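Let's take a walk through this structure together. We'll start at the ligand and then go looking at the cysteines.

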Amino acid sequence: MAIQYNEKKRIFSLHTAHTTYQMMADSHDYLLHLYYGKHAVGEMDYLLQYMDRGFSPCPHETAPERIYSLDVLPQELPTVGTGDYRVPALMIESEGGIIWTDLRYAGYSITSGKYSLPGLPAVYASAKEAQTLEIFLRDQALGLQVSLLYGVLPELDIITRAMILKNTGSEKLYVRKAQSAVLDFVSGEFDLLTFPGRHTFERSMTRSHVSGNCQTIGSRRGMSSHQFNPLMILSDRTTNETEGRCWAMEFVYSGGFKGEVMKDQFGGCRMQLGLSDELFRYPLAPGDRFASPEVILSYSHKGFSALSQSLHRCIRSHVCRGPWKDKVRPVLVNSWEAAYFHFNGETIYQLAKSAKELGIEMVVMDDGWFTNRSDDYSGLGDWTVDEEKLGESLGSLISRINAIGMKFGIWVEPEMISEISELYKAHPDWALSIPGRAPVLGRSQLVLDMSRKEVVDYIFERLCSLLDQGNIEYIKWDYNRCIAEVYSHCADEQGRVLYDYMLGLYDLLERLIVRYPDLLIEGCAGGGGRFDAGMLYYTPQIWCSDNTDAIDRLQIQYGTSFGYPAAAMGAHVSVCPNHQNGRITPFHTRAVVAMSGTFGYELDPAKLTEEEKNQVKDQVALFHKLAPLIQNGRYYRLTNPAENLCAAWEIVSDDRSRVLLNVVIQDVHGNMPIPYIRLQGLESGRMYHEETLGITYSSDALMDAGMPVPIQDGVYHAFQLIFTRLES
Ligand code: GLA
């Protein structure tokens with residue numbers, strides 16, 4: 001049984017293969033956190049210590065003794081007003097403006113399978129793969145019931161948490177803050193890993209010491225954002241890729257979020273993640289419910305690589321859906337960097353034709369195919385094919401492309417509207433904007449109010465009429481600005497708009513995948529501005545970054561790999577000098593880096609040299625050979641490319657029989673020392689043969705002494721080495 005309940009002590013233990021999570025409903029009916037760590041039997045209530053802590057107040061019924069304070073005790077759902085001055089997870093305001101919530105334990109239920117959340121993406125699992133614990137907390141006076149939901153996926157070492165709030169009283173309530181998951185540690189010296197960035201440089205792993213200050217990350221942009229990713233990892237100070245304790249929180253949500261980590265006055269540490277509470281005040285009328293999005297939790301005592309591998313498995317098999325989640329995705333060529341807005345139907349056809357000759361399987365017509373779209377100042381929202389520009393109908397172009405054996409995909413940006421568009425003329429109030437004020441523009445566009453059903457219905461209809469024009473097998477779903485004005489022209493309460501926006505977006509995506517079950521959708525938001533587990537529930541891959549430079553990508557993909565599998569990372573080979581930073585890298589290196597993602601090209605194959613064309617043919621063939629390993633294997637980060645001359649990472653098949661080692665040398669020097677790379681995850685006591693070098697190695701020596709990386713003149717050389725375990 002993954003979930004155990006000790007009735008006498010009212011202790012709940014959630015067990016996975018290698019971890020245990022434990023909490024207790026104590027004698028005062030508070031739900032206290034006891035333990036999250038290495039798999040353990042027994043009860044850990046001895047960890048809680050009770051003593052007079054002076055200025056830390058006590059709930060009334062415990063006051064005579066003065067040794068019980070929620071300011072000190074580790075909790076599962078800390079609220080405001082109970083005497084806990086650390087960061088609260090839940091803040092509820094009554095209709096009369098009182099902010100005070102005192103939640104007490106009111107029962108539980110254990111069911112097989114994994115809970116789902118109304119209208120929100122969430123980890124899914126069968127009755128055999130998961131169990132759900134629901135703990136009920138109640139504030140009778142306020143009229144609030146909270147269902148704390150815990151999903152336990154034992155094989156994956158994954159626990160999920162979310163909550164459903166219900167107004168059981170007779171007055172309106174407002175949800176002012178709702179953090180979905182909280183981890184309270186009674187002691188520890190920790191580091192925090194976060195993933196800040198910017199457009200064209202997303203998810204740079206950053207490690208800092210958790211000191212007395214509260215560290216806050218998040219996004220107030222209405223999207224998970226380029227600037228911070230909704231992923232946080234707490235670790236011991238000495239934890240590295242292979243050793244040490246670490247805990248991950250990953251948000252299954254694509255809108256604004258807030259992550260907080262604080263060390264308290266007695267050396268305890270609180271970590272929590274959930275919705276951004278700025279511009280948020282969600283009304284709950286009597287009888288209404290509110291679901292907080294889910295957080296995925298995982299723990300490893302064997303360092304960051306093992307932690308990431310659990311998250312990868314969870315995302316690949318229990319977040320991503322649809323026929324494409326386990327299939328190798330088609331190698332595509334995208335028109336953006338090849339032609340930008342300057343193309344017609346023939347350009348796209350020729351792109352397809354020259355790509356086909358090299359083994360590429362799909363052509364994607366990026367931005368610029370619809371009316372009023374000769375640049376990025378206009379046209380969003382109408383989604384009418386510009387037949388004049390294309391020189392033919394979309395149906396005819398797709399048929400011609402299909403006839404030469406190529407698949408066809410198209411770019412859309414459904415959540416946006418341009419001021420210069422028929423849609424804006426007809427419905428200016430469909431954009432999020434403040435009445436009487438000139439709208440703030442991002443890339444000269446506005447954001448549609450997806451909290452309104454009629455807007456979602458309209459976009460759904462436009463997308464269907466587009467997709468019905470021909471055999472469209474892929475769409476790139478873009479989102480190229482952040483929300484600035486949180487104002488819906490038809491909402492009764494503006495504090496609900498950002499959350500309702502996400503429900504509208506998820507509803508639209510859900511309707512689309514139900515209607516077009518075979519469609520492959522790649523998420524995108526100015527590159528990787530919405531790279532999160534929420535989007536991955538609908539789109540099994542996301543364009544990782546608008547930055548296609550292989551060397552910058554080393555750090556971007558390295559950071560991304562902490563929380564997300566290679567199968568989800570959109571990565572393409574582009575031309576040099578690179579369009580984002582002007583760097584020149586070898587063609588081979590660009591392919592090695594892009595091959596650790598979904599793989600494709602962002603260039604015009606007809607303009608390649610004969611040698612490059614031959615390389616493309618080899619690369620596509622190699623990708624087909626390696627794709628199942630890359631997509632499903634265990635990912636090991638061997639070096640941090642921001643700190644090492646060599647960027648090295650490795651993918652090992654589950655049965656450890658095949659290994660792909662990737663190395664990029666980021667700098668050269670005269671008379672250079674030889675870099676050695678130590679492999680990981682091989683089966684001990686076995687021999688592995690490497691194909692290109694023709695050398696057979698001892699697995700233990702490869703993992704212990706490592707192997708030398710060949711040095712060559714010139715910059716940015718890359719190696720891709722494939723090892724096979726010998727059978728005897
Ligand atoms: C965004 C995307 C790019 C491209 C352009 C088109 O920036 O990230 O890949 O599709 O939009 O306008």
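Of the 13 residues around the ligand, the ones that come nearest are Asp366, Asp367, Arg443, Lys476 and Asp546 (a residue is near if one of its heavy atoms lies within 4 Å). Keep in mind that this is a predicted model: local features need pLDDT of at least 70, side-chain atom pairs count only at pLDDT 80 or more, and totals for chains, interfaces and linings use all residues. Residues are numbered from 1 along each chain as its sequence is written, and side-chain values use heavy atoms, with hydrogens and water left out.

What kinds of residues make up the shell around the ligand? By class, there are six charged, four nonpolar and three polar residues.

Now zoom in on oxygen atoms of the ligand. A polar side-chain atom of Lys476 lies 2.7 Å from one, while an N or O atom in the side chain of Trp411 is 3.1 Å from one. Gly527 joins in with its backbone: an N or O atom there lies 2.9 Å from a ligand oxygen. On its own the ligand has 310 Å² of accessible area, and the protein covers 96% of that (areas come from the Shrake-Rupley method with a 1.4 Å probe).

On to the cysteines. How many disulfides does the structure hold? Zero, counting a disulfide as a pair of cysteine sulfur atoms within 2.5 Å. For Cys314, the nearest cysteine sulfur, that of Cys320, is 9.7 Å away. Cys646 can't form a bond because the closest cysteine sulfur, in Cys576, is 20 Å from its own, which is too far.

Technical notes:
A polar contact is a pair of N or O atoms within 3.5 Å; within protein, one must be able to donate a hydrogen and the other to accept it, and residues adjacent in sequence count only if both atoms are side-chain atoms. Ala, Val, Leu, Ile, Met, Phe, Trp, Tyr, Cys and Pro count as nonpolar, Asp, Glu, Lys and Arg as charged, and the others, Gly among them, as polar.
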